[in-house]
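Here is a short, friendly walk through one protein model, meant to be read with the structure open beside you.

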Amino acid sequence: MPRPLSRAGALVGLLVLVEFLSGTIQGAFPILLPDLARSLHFGAGAQALVLGVNFLVSGVTVPVASRLGDLFGHRRLLLATLALTCLGYVLSACATTLPLLLVGQALAGLLSCWLPLEFALLRDRLGEERGGRAVGLLVGSLTLGTIAGAVARPGLWVLAALPAVSLAVVWAFVPESATRAVGRLDWAGAALLSCGLGLLFGGFSSVGKSTGAPLTVALLLGAAALLTLFVRQELRCPTPTVDVRMLARRSTAPVFGLSLLLGFALYGAQSPNLSFQAAKPAQVGYGLGADSQLLGLLTLPAVLGAMAGALAADRLARRFGARSLLACGFAMSAVGYGAIAARHGSAAAFVPPSAAAGFGAGLGLSLLPGLLMRRLPADQTGVGTGVYNTLKTLAGAAAGAVGAAVLDAVLLRPGVPAESAYVVIWTGCALLCALGVPVALSLRAAPDTTTSDSTTPDIEGHGRLASEQPV
């Protein structure tokens, strides 16, 4: 049994540490992958497969693990996912062949389950208001860890040790949540959801690949069929894996919609930016000719901006209100992408707009989970934040697929994208982020889903709604 924590701040501090270690893993492994590919003798396509299997497992396991946490305890599921992630990186460190590495990274994909389970623990132990405020600290710590991992580049055995450290911390000190959902896991629904999302991710990943359009269409149609059956199953089941009605409620639907748009804001131009910056002007007429060191430096403004936005969100929300601040965050991301589309001829041209877009995304990362928690029943916190995370990941996969298709379709010459292709991607990201502004402003006061010790009146006329207390 864990030792009881004397202060709420101790729980937050421990989970901040866990998320810092999570970020370190996420920032380090992609940097290590090219060297790993050389040592195991596989090419760029297999590298994409290694990252893809991690991405796929993340998407399909988060909702199921979150639902299990609501049913059986969020600490218990956090411990299980920590142990499986640790095993995944042990297998990755031991891998002498590509198949073993793929198995290791499939298990490592469970790392994405940590954050929704931690959100649920915070709400259960601290309540809506204090739990929501702590979200920004976790997101900021995750972002800082990503920077540390990318810069320090620890080896695979170190990455395997980090989940073990987190496991020991959670086992010894983090208490179990008290709230439990009623019912059992709907295994049929879980299977349909996992297979449907798997086909959907596969369809996104195959866009623009040599396999051609027929496979992409078949995967997407199969995903649509399975997800339709999933919705039908969940509507009939008395204890669904995911309460699909939750997605359509007036109080929660805009938040889930914003999570999709946030995925585009975070991932929409990530890969195209690197591709453009690495392009050599003497050969294609555009680009910065950046080497790996400069590419790493050029990613820092967006990451540091996201960290600053996540950490500043609580203080700013106290003053301006979460709804207005969230709209401002999406507007900043839209302006950032628009500025890059208009001017991208030098490294300096990327820095201010990337920082602005990152800051806006960081505000969303911090504010949206807190706003969602206020709109969910206490026994659906885990699965609700899990769905939020999955939608954000789906948006990232879709953004990457569409971006790849644009770069493959708008060509300067065979195999070389035209500069206008990048402008189309940046402009599209700007428009999608701009769409988040009216959606954020449309948010209404959250219904009272739990008994709370908060007695804050509705003071919308003074700058924020009662539901928009700092998160």
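## Two helices side by side

Axes here are lines fitted to C-alpha atoms, for helices over the stretch in contact, and angles run from 0 to 180 degrees between N-to-C directions. With that in hand, please look at helix 10 (residues 253-267) and helix 17 in this predicted model. At what angle do the axes of helix 10 and helix 17 cross? They cross at roughly 155° and come within 9 Å. Since angles over 145 degrees count as roughly antiparallel, helix 10 and helix 17 are therefore roughly antiparallel to each other. Their crossing is left-handed.

Which residues make the contact? Helix 10 brings P254, L258, L261, F264 and A265, while helix 17 offers C429, L432, C433, L435, G436, V439 and A440. By class, the contact of helix 10 with helix 17 has 11 nonpolar residues, one polar and no charged.

## C433, a residue in helix 17

Now zoom in on C433, which lies in helix 17 (residues 419-441). Is C433 buried or exposed? C433 has a relative accessible area of 0%, so this residue is buried, the cut-off for that being under 20%.

Leaving aside neighbours within four places in sequence, C433 touches A265, F330, S333, A334 and Y337. A265 is also one of the helix 10 residues in the contact with helix 17. You can also find A357 from here: A357 and C433 are 76 residues apart along the chain, and their C-alpha atoms are separated by 9.4 Å.

## Helix 14 and helix 15

A second helix pair is worth a look. Helix 14 covers residues 322-342 and helix 15 covers residues 347-374. The two pack at an angle of about 150°, with their axes 7 Å apart. That angle makes helix 14 roughly antiparallel to helix 15, and the crossing of this pair is left-handed.

What classes of residue does the contact of helix 14 with helix 15 have? There are 16 nonpolar and six polar residues, and no charged ones.

## Two residues of helix 5

Helix 5 spans residues 114-152 and includes R130. With a relative accessible area of 45%, R130 is partly exposed. R130 and G9 are 121 residues apart in sequence, yet 9.9 Å apart in space, C-alpha to C-alpha.

T143 is found in helix 5 too. Its relative accessibility is 11%, so T143 counts as buried. Beyond the neighbours within four places in sequence, T143 is in contact with V303, A306 and M307.

## N54 in helix 2

Helix 2 runs over residues 44-72 and holds N54. Why does N54 count as buried? Its relative accessible area is 17%, and buried means under 20%. Setting aside neighbours within four places in sequence, N54 contacts Q105, A108 and G109.

## The chain as a whole

Let's step back. The protein chain has 17 helices and two strands. Of its 471 residues, 53% count as buried. Among contacts between residues at least 6 apart in sequence, 81% join residues at least 24 apart.

How much accessible surface does the protein chain have? The accessible surface comes to about 19,200 Å², and 67% of that belongs to carbon and sulfur atoms.

Key
Residues are numbered from 1 along each chain as its sequence is written. This is a predicted model: local features need pLDDT of at least 70, side-chain atom pairs count only at pLDDT 80 or more; totals for chains, interfaces and linings use all residues. Side-chain values use heavy atoms; hydrogens and water are left out. Helices (H or I, at least four residues) and strands (E, at least two) are DSSP runs, numbered from the N terminus. Buried means under 20% relative accessible area, exposed over 50%, partly exposed in between (1.4 Å probe, protein chains only). Contact means heavy atoms within 4.5 Å. Angles under 35 degrees count as roughly parallel, over 145 as roughly antiparallel, 65 to 115 as roughly perpendicular and the rest as oblique. A crossing is left-handed if the near helix is turned anticlockwise from the far one by less than a right angle, and right-handed if clockwise. Ala, Val, Leu, Ile, Met, Phe, Trp, Tyr, Cys and Pro count as nonpolar, Asp, Glu, Lys and Arg as charged, and the others, Gly among them, as polar. Accessible areas come from the Shrake-Rupley method with a 1.4 Å probe; for residues, only the protein chains shown count as cover.
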